[in-house]
Amino acid sequence: MRKADPSSVKSATRTLDILEFAVGCGRPVSAAEIASALAIPVSSLSYLLGTLVERGYLLRSGRLHSPGPALSRLNPSEAATAIGDRVYPVVRSVSLQLNETVSFFVRHGYEMEAIAGEVAPQALRYTIEVGRLVPLHAFAAGKAILATFEEDELSGYFASVHRDAFTSSTLTSEAELRRELALIARTGIARTIEEYTPGIIGIGRAVRSGAIVLGAISVAIPLARTTPQLEERAAGLLAQAADSLGTG
């Protein structure tokens with residue numbers, strides 16, 4: 001049996017120590033505080049913190065670090081497990097009315113997961129697998145979620161996430177995305193045009209229950225079938241669906 005590399009074991013132990021310390025403090029903590037409290041060399045700490053921020057287990061705002069949303073994945077609640085069952089009838093209803101693919105996403109750190117979906121029965125259609133993790137910046141649902149971020153969290157996102165260009169239309173720059181997110185925050189509707197998959201547009205809307213963002217619902221439409229009337233109808237149905245899920 002092969003023995004574990006001592007350096008790997010030490011890194012794993014330090015990673016757990018950092019998470020326990022950040023959660024236990026109950027307030028944002030600086031790298032200097034963490035290094036002092038846990039006796040971790042600054043050179044090692046920088047790498048470990050960067051990894052935890054990238055994976056969403058910590059959030060970075062300036063020099064301070066606080067627990068991130070990815071920690072919820074380690075202890076999923078019954079409510080989180082049940083939300084897919086609750087949203088599916090609404091997702092299916094919107095899909096049937098539009099005859100297009102509709103999905104519901106929940107956030108995992110700086111990514112999101114499709115937890116419910118209904119694929120259009122048409123020959124030309126878009127499919128995204130339930131359970132798949134995808135980036136926020138290239139999907140309409142992801143932009144809808146990003147538009148709900150407070151400034152500190154949004155700055156942490158831009159500072160720590162590498163945004164791939166999946167097509168020539170993908171928005172990756174902070175300035176361009178910030179302008180678009182400001183518009184989404186005002187209108188409530190997010191759009192993408194061939195930003196993840198060529199030939200597909202997306203329309204999305206965040207779903208809130210009070211101050212809590214439950215996720216986002218979106219429709220994917222082949223560009224060949226897209227009309228202003230269909231987009232307007234989709235936006236209206238998504239707004240109704242978000243209101244229904246937010247008060248359900």
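Visitor: In what order do the 6 strands of the open sheet stand?
Guide: This is a predicted model. The sheet is open, and its pairing is antiparallel. Its 6 strands run in the order β6-β5-β4-β9-β8-β7.

Visitor: Which strands stand at the edges, and why is one side of each without a neighbour?
Guide: Each edge strand has a single partner strand, so one side is left without a neighbour in the sheet. The two are β6 (133-135) and β7 (190-193).

Visitor: By how much are neighbouring strands of this sheet turned against each other on average?
Guide: Direction is ignored here. The average turn between neighbouring strands is 35°.

Visitor: Which residue in β5 does Val102 stand opposite?
Guide: Strand β4 covers residues 101-108, and strand β5 covers residues 111-118. They pair in the antiparallel sense over 7 bridges. Opposite Val102 stands Glu118.

Visitor: At what angle does helix α8 run to β8?
Guide: Helix α8 spans residues 228-247. It lies across β4, β7, β8 (200-209) and β9 (212-222). Its angle to β8 is about 25°.

Visitor: How far apart are the axes of α6 and α7?
Guide: Helix α6 takes residues 151-160, and helix α7 takes residues 174-187. They pack at an angle of about 150°. Their crossing is right-handed. The distance between their axes is 11 Å.

Visitor: How many charged residues has the contact of α6 with α7?
Guide: From α6 come Glu151, Leu154, Ser155 and Phe158. They meet Glu174, Leu177, Arg178 and Leu181 in α7. By class, the contact has 4 nonpolar residues and 1 polar residue. The number of charged residues is 3.

Key:
Residues are numbered from 1 along each chain as its sequence is written. This is a predicted model: local features need pLDDT of at least 70, side-chain atom pairs count only at pLDDT 80 or more; totals for chains, interfaces and linings use all residues. Side-chain values use heavy atoms; hydrogens and water are left out. Two strands pair if DSSP finds at least two bridges between them. Helices (H or I, at least four residues) and strands (E, at least two) are DSSP runs, numbered from the N terminus. Axes are lines fitted to C-alpha atoms, for helices over the stretch in contact, and angles run from 0 to 180 degrees between N-to-C directions. Contact means heavy atoms within 4.5 Å. A crossing is left-handed if the near helix is turned anticlockwise from the far one by less than a right angle, and right-handed if clockwise. Ala, Val, Leu, Ile, Met, Phe, Trp, Tyr, Cys and Pro count as nonpolar, Asp, Glu, Lys and Arg as charged, and the others, Gly among them, as polar.
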